[in-house]
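User: Please take a close look at one loop with an uncommon backbone angle in this model, and then place it in context with other backbone, side-chain and helix details. A connected account would suit me better than a list.

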Amino acid sequence: MAARDAARRAGPARHRPAPAGKLYEEEEDDALPDSDALPDSDDEVELDKPRPIQIVLAHEDDHNFELDEAALEKILLQEHIKDLNIVVVSVAGAFRKGKSFLLDFMLRYMYNRTSPCWIGGNTEPLTGFTWRGGCERETTGIQIWSEVFVIDKPNGTKVAVLLMDTQGAFDSQSTIKDCATVFALSTMTSSVQVYNLSQNIQEDDLQHLQLFTEYGRLAMEEIYQKPFQTLMFLIRDWSYPYEHAYGLEGGRKFLEKRLQVKQNQHEELQNVRKHIHSCFSNLGCFLLPHPGLKVATNPNFDGRLNDIDEDFKNELRNLVPLLLAPENLVEKEISGSKVTCRDLVEYFKAYIKIYQGEELPHPKSMLQATAEANNLAAVAGAKDLYSKGMEQVCGGDKPYIAPSDLERKHQDFRESAIRQFRSVKKMGGEEFCRRYQEQLEVEIDEIYANFVKHNDGKNIFYAARTPATLFAVMFAMYIISGLTGFLGMNSIAALCNLVLGMALISFCTWAYVKYSGEFREVGTAIDQIAEAIWEQVLKPMSDNLMEDHMRQSVKNSIKAGLTEQVSHHARLKTD
């Protein structure tokens, strides 16, 4: 038995990712064409050739993890999927147990799900996520398939489906912290976690699962709901079909027996089972037979169905649609709210922060990271609502709008954005969420300031403020220079001429900047100086002149009225 376990997954041949899938026809050798090796994290992510992309990098020297934000954003923030609800199917478990091998059959299904023979022809090598036989690990960190599949569900909605492969646990190069980090991160971000086990569910498998889901138990005490969604125990190489039949039904009965809490059990064993039940909304189990002797012992095995036992292939035809058929897809939810592709990026960023320290963080910090990502996603959605509304009012192709009307629209959209933020189910409590609402209000005000500047730029009089101000300065300096020169005050006249020359040079420079688009920093500085002169000197003077003119007009009107009344009374007395 030990020898079979050591040689379980075939020989040293490595199987590289495929750029695209096509409909398979039974018995035809139409495998996905091989692509180059995985790109380094520094390489540009190319989405034209579907391949596994490393999004969580494992640094073996310091046993730390790093999120490749650029790669993740390039995949999940594509315009056609970023606002779709996402389904994340992840496979995790011990190393060298065939996780990537299983995911490649999932890829075959996703590319050929409309075909009854999606599993492929008998002579087709298996390609997609990289895998190989042998006893050394292949996958490190977390990888996702670069192509996100858009699926129509039976209810008419579209969802995005993402496949995720994880580093195997408990290999000779990984610490317990590494294993817990990868498993917990994949579980926190997936809607379906496939827990890949060999031959049986042993007590240490459950204890490791308890460690990885300790966050769920603590989080439940504060949010009063189960933090994770679906956990599917996948028992590979099941050798007892006479006790529990292969497939889902046999797995259900087996799992009920394994996770049953009995009165005579030790408290530790009871706690393990209670933890698992309390952390997942849905638990399932599937019993999969051994793929055959050729798979276990042939060093040149490349995934061809010819070399795989019929029982394994039959159960594989049941397992994969059970996870990925449109009617069975489980959309990712956090705290009762569905997660979009754009939201998942924020959750990944928040979660990875807590794993970048030396020690495995207390599970409570995961709750804080979840609440932070939850609130950041709500802030992003509310800001997006506000920005779209304001774009409709004063966007790039919209005409100039009166400042008072713009401010009124701003207040309306601001209140709508805050209402949307408050309506989203969020974790962390009222005080925690209030900080993010204040952040949202500040950011909306900053966005509004940019819209005000953009709107003012459309006002021809505002655009002409700088040249008008400079012209007014030149005219004033010319008049003052002439008067002071006539009166013999030559020093003051010279100073006025100097200011006039500087204003003329500034005017010519500003005109050149606006015409050519070069030296924009200089143009901005001239605009700021002209704005200061207008606000501090010319505008107060014009306001004072206008006020004096209005005051004089009122006085003249009053005098004229009084004079008219006196004349009228005088005529009455004369009559």
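Analyst: The place to start is Q199, which sits in the loop between β9 (192–198) and α5 (203–212). The model is a predicted one, and in it Q199 has a positive phi of about 75° although Q199 is not a glycine. Most residues other than glycine have a negative phi. Is Q199 buried or exposed? With a relative accessibility of 18%, Q199 counts as buried, because the limit for that class is under 20%.

A second residue can be set beside Q199. D237, found in the loop between β10 (228–236) and α7 (248–258), has a phi near 55°, again a positive value in a residue other than glycine. D237 is buried, with a relative accessible area of 1%. Both Q199 and D237 therefore lie in a loop that runs from a strand to a helix, and each of them counts as buried, Q199 at 18% and D237 at 1%.

Turning from the backbone to charged side chains, the count comes to 16 salt bridges. One of the pairs is local: the side chains of E310 and K313 meet in a salt bridge, with N to O at 3.3 Å, and both residues lie in helix α10 (residues 310–324), three residues apart, or about one turn of the helix. The two partners fall into separate exposure classes, since E310 is partly exposed at 43% relative accessibility, whereas K313 is buried, with a relative accessible area of 7%. K338 and E331 form another salt bridge, in which the closest N and O atoms are 3.9 Å apart; here K338 is the partly exposed partner, at 43%, and E331 is the buried one, at 11%.

A further pair involves D384 and R342, whose side chains meet at 3.9 Å, N to O. This pair links distant parts of the chain, with D384 in helix α12 (residues 363–394) and R342 in helix α11, 42 residues apart. D384 is partly exposed, with a relative accessible area of 23%, and R342 is likewise partly exposed, at 25%. Both residues also belong to a network of salt bridges that links D83, R342, D384 and K388.

Helix α11 also takes part in a helix crossing. The axes of helix α2 (residues 69–76) and helix α11 (residues 341–353) come within 9 Å and cross at roughly 165°. That angle makes α2 roughly antiparallel to α11, and the crossing of the two is right-handed. For helix α13 (residues 403–423) and helix α14 (residues 429–457), the axes come within 11 Å and cross at roughly 155°, so α13 and α14 are roughly antiparallel to each other as well. Here too, α13 passes α14 in a right-handed crossing.

The surface offers a contrast to the buried loop residues. F471, F475, Y478, I479 and L483 form a nonpolar patch there, with about 590 Å² of accessible area together. Among them, Y478 is found in helix α16 (residues 465–486), and at 58% relative accessibility Y478 counts as exposed, whereas Q199, at 18%, counts as buried.

Definitions and conventions
Residues are numbered from 1 along each chain as its sequence is written. This is a predicted model: local features need pLDDT of at least 70, side-chain atom pairs count only at pLDDT 80 or more; totals for chains, interfaces and linings use all residues. Side-chain values use heavy atoms; hydrogens and water are left out. Patches are made of residues with over 30% relative accessible area and no salt bridge: like charges are joined within 9 Å, nonpolar side chains (Val, Leu, Ile, Met, Phe, Trp, Tyr) within 5 Å. Accessible areas come from the Shrake-Rupley method with a 1.4 Å probe; for residues, only the protein chains shown count as cover. A salt bridge is a side-chain nitrogen of Lys or Arg within 4 Å of a carboxyl oxygen of Asp or Glu. Helices (H or I, at least four residues) and strands (E, at least two) are DSSP runs, numbered from the N terminus. Buried means under 20% relative accessible area, exposed over 50%, partly exposed in between (1.4 Å probe, protein chains only). Axes are lines fitted to C-alpha atoms, for helices over the stretch in contact, and angles run from 0 to 180 degrees between N-to-C directions. Angles under 35 degrees count as roughly parallel, over 145 as roughly antiparallel, 65 to 115 as roughly perpendicular and the rest as oblique. A crossing is left-handed if the near helix is turned anticlockwise from the far one by less than a right angle, and right-handed if clockwise.
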